[in-house]
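Got the viewer open? Let's take a short walk through this one, stop by stop.

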Amino acid sequence: MTGGDDEAVRPIGRSSDDRQAQIWACLQTVMDPELDESVVELNFVTRADVDSKDRIHIEFRLPTYWCAANFSFLMADDMRQAVSRLDWVKGVHVVLGEHMYADKINAGLAEGRSFQETFGAEADGNLDELRQTFLVKAFQRRQVALLSHLMALGLTPREIVSLTLAELGNMLLDDAGAKLVGRYLERRAVVGPVRANTSAFVDAGGARLEADGVPGYVSRLRRVCVNAEFNGALCRGLLAARFDLETPFVPRSKTRAASPGAGPVP
């Protein structure tokens, strides 16, 4: 059976269910750049379907109408990239709803344009630089969680900083510890080379942590994490207050345009 455009149409059935599950698995890996939490767990994604021609349709929303345009575009682009890695995907359509820049962002995504191309002179900063900044922050949050766990187990700072990546990966830990190691290793390459004999714990510049400085280093990072955790709780509360999370989301086709004379897009 073929469609009107001569493309082969795959019958809807179990294969479609399997592929939809793959889509959700990919989206699970996409993080809110500021919170370092999955867009799926944050309940941002409202639709993730595959049609009979292996084209993916994703819809998502954010906690506020005015969430920064660069954050919003970054998450949409990350979703598009994540599911595009599936070798059977023939196209990806991502739609942001209930946002002041939704029409502009959705048009840019549909045409495959970058953030700078979409917003032109309004764009403030480079999206790749923004992504790197938040990847480093995510690395730090995951690192301090792991360091705190290892110290709670009784490891000394000197023992911790002497660990190589291979030794860290082979440690016998409980489920909570193993999960922290896994999450940390996912971001370790953000700050330096990842080789078996490389130091497991380095700072944001890639320099090996010094044992004497570990307590102060952990204390500083914990203060950063407290702020991020507060922002996460705030986002969940705003999302729940703004939307009926039990009702399927239908994005609006039109949104209010930005006011004339507005400055650079955040």
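Select the cysteines: across the whole structure, the search turns up 0 disulfides (pairs of cysteine sulfur atoms within 2.5 Å). Two to look at are Cys26, buried at 15% relative accessible area, and Cys67, buried at 19%. Buried here means under 20% relative accessible area, exposed over 50%, and partly exposed in between, using a 1.4 Å probe and protein chains only.

Before you go on: this is a predicted model, where local features need pLDDT of at least 70 and side-chain atom pairs count only at pLDDT 80 or more, while totals for chains, interfaces and linings use all residues. Residues are numbered from 1 along each chain as its sequence is written, and side-chain values use heavy atoms, with hydrogens and water left out.

Next, pick out the sheet. Its 3 strands sit in the order β1-β2-β3, open, with mixed pairing; two strands pair if DSSP finds at least two bridges between them. Helices (H or I, at least four residues) and strands (E, at least two) are DSSP runs numbered from the N terminus. β1 (45-50) and β3 (91-96) each have a single partner strand, so one side of each has no neighbour in the sheet. Now zoom in on β2 (residues 55-60), which runs parallel to β3 and is joined to that strand by 6 bridges. Ile58 is the residue to click, as it stands opposite Val94 in β3. Add helix α2 (residues 69-84), and β2, α2 and β3 give you a β-α-β unit that is right-handed (with the strands pointing away from you, the path from the first strand over the helix to the second runs clockwise).

Which residue forms a salt bridge with Arg19? Select Asp54: the closest N and O atoms are 3.0 Å apart. A salt bridge is a side-chain nitrogen of Lys or Arg within 4 Å of a carboxyl oxygen of Asp or Glu. Arg19 is in helix α1 (residues 14-28) and Asp54 in the loop between β1 and β2, so the pair ties together parts 35 residues apart in sequence. Both ends are buried, Arg19 at 18% and Asp54 at 9%.

For contrast in setting, try Arg158 and Asp212, a salt bridge at 3.9 Å between the closest N and O atoms. Both of these residues are exposed.

Last stop: Arg141 in helix α5 (residues 127-152). Arg141 is buried, at 17% relative accessibility. Show Cys225 too: the two are 84 residues apart in sequence, yet 6.1 Å apart in space, C-alpha to C-alpha.
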